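I sat down with a structure that was new to me and kept a few notes. Come along and look things up with me.

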Amino acid sequence: MIFNVESKLLTKALEDIQGKGMYLGDKGFSNSKLSPYVLMELEGNVLRLWNGDSTCGITLTIEVAGNTNGSFTGSAETIVPYLKKFDGEITVSYNDFLAISAGTKTASIPAAVNHPNVDAITRIKQMTTDVTFEAIPEKLFAFGAKKFEGAFQLTSESFNDAISGCELVKSGVYLINSAEGNVSFSSENGTANTFSESMTAIHSVGEPATLQYSGPLHKFVKDQPLLNFYVRDDFPLLIVGPNKMVVKAPFTRGD
């Protein structure tokens with residue numbers, strides 16, 4: 001794998017793919033990340049990054065100047081500090097290790113044999129083979145034998161604002177209700193500690209849906225101008241932007 005890219009563009013991509021934000025875990029509601037690891041795949045001039053665990057998969061693409069197709073798995077958390085020592089265009093290559101070079105500077109970073117959650121990422125890649133961003137969401141994609149029953153479009157700004165408000169509740173669980181072009185996001189932590197925000201979708205199609213999820217998905221997609229949400233009752237949530245995608249399992253107690 002060999003490609004050229006602006007160092008700041010790759011740095012941002014590797015920071016984003018770690019999935020940083022507020023998670024509900026064993027230690028309560030606190031700052032964490034999905035995983036420090038990344039799977040990078042180069043095909044032509046498109047570099048795709050993947051990360052995930054048993055309940056969530058995220059991916060993004062960036063444009064690069066591709067030379068040799070290939071893939072690399074390693075620690076995004078480790079690579080980022082090295083990238084921040086470079087300015088402008090860099091050459092990135094992978095053979096036995098990841099090499100970064102520009103001018104008089106070079107750095108090498110070890111690879112990992114596999115992403116710790118490679119099986120989950122492989123399943124999500126297979127599930128989303130035909131998923132693409134639509135300027136106006138019309139197609140209801142399928143996961144296995146079941147299709148999504150509804151879809152709606154929002155700006156990332158409105159989604160981020162709503163979930164940032166829900167985070168104040170500190171339950172870490174968010175409820176989505178969508179029906180007839182209206183969408184609401186809410187969270188509760190007891191009857192006296194709640195937040196909700198309702199909005200009108202830019203576009204919508206299909207049937208009403210209600211589902212819960214957990215995790216800072218809004219942080220990952222906050223730089224996307226538009227987001228298409230694909231929903232079905234108690235079914236995985238699919239969020240698709242122009243160059244980012246999220247698949248998140250529905251929340252159940254014990255997650």
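These entries go from ground rules to cores, a helix, a cavity and two loops.

**Ground rules.** I am looking at a predicted model, where local features need pLDDT of at least 70 and side-chain atom pairs count only at pLDDT 80 or more, while totals for chains, interfaces and linings use all residues. Residues are numbered from 1 along each chain as its sequence is written, and side-chain values use heavy atoms, with hydrogens and water left out.

**Cores.** I looked up the largest nonpolar core and found 56 residues in it. A nonpolar core here is a set of buried Ala, Val, Leu, Ile, Met, Phe, Trp, Tyr and Cys residues joined through side-chain atoms within 4.5 Å. Buried means under 20% relative accessible area, exposed over 50%, and partly exposed in between, with a 1.4 Å probe and protein chains only. Leu10, Leu14 and Phe185 have the most contacts inside this core. A second, separate core has 16 residues, including Ile124 and Tyr230. In soluble globular proteins, nonpolar side chains tend to be buried together.

**Phe185.** I picked Phe185 for a closer look and found it in strand 16, residues 182–188. Helices (H or I, at least four residues) and strands (E, at least two) are DSSP runs, numbered from the N terminus. Phe185 counts as buried because its relative accessibility is 0%. Leaving out residues up to four places away in sequence, I noted that Phe185 touches, among others, Phe159, Ala162, Ile163 and Cys166; contact means heavy atoms within 4.5 Å. Those four names also turn up among the buried residues of helix 4.

**Helix 4.** I followed helix 4 from residue 156 to 167, which makes twelve residues. From its first C-alpha to its last it reaches 16 Å, close to the 16 Å expected at 1.5 Å a residue; the expected span is 1.5 Å times one less than the number of residues. Ser156 lies in this helix and counts as buried because its relative accessibility is 8%. Among the contacts of Ser156 I listed Val221, Pro225 and Leu227, again not counting residues up to four places away in sequence.

**His218.** Which helix holds His218? I found His218 in helix 5, and at 0% relative accessibility it counts as buried. Beyond four places away in sequence, His218 touches Phe159, Asn160, Ile163, Ser164 and Glu167.

**Cavity.** I searched the whole structure and got one cavity of 30 Å³ or more, with a volume of about 90 Å³. On a 1 Å grid over the protein atoms alone, a cavity is a set of points where a 1.4 Å probe fits but cannot get out, and lining residues have an atom within 4 Å of a point. Grid points are joined across faces, edges and corners, and a volume is the space filled by probe spheres set on the points. The lining includes Lys20, Tyr23, Ile58, Leu217, Phe220 and Lys248. Strand 2 (20–25), strand 6 (56–63) and helix 5 (217–220) each give two or more residues to the lining.

**Two loops.** Glu180 sits in the loop between strand 15 (173–179) and strand 16, with phi near 55°, a positive value in a residue other than glycine. Is Glu180 buried or exposed? I put Glu180 down as exposed, because its relative accessibility is 81%. Asp234, in the loop between strand 20 (226–231) and strand 21 (237–240), has phi near 50°, also positive. At 66% relative accessibility, Asp234 counts as exposed.

Methods. 1 Å grid on protein atoms, 1.4 Å probe; cavity = no way out; pocket = protein on both sides within 12 Å on 5 of 7 lines; lining within 4 Å.
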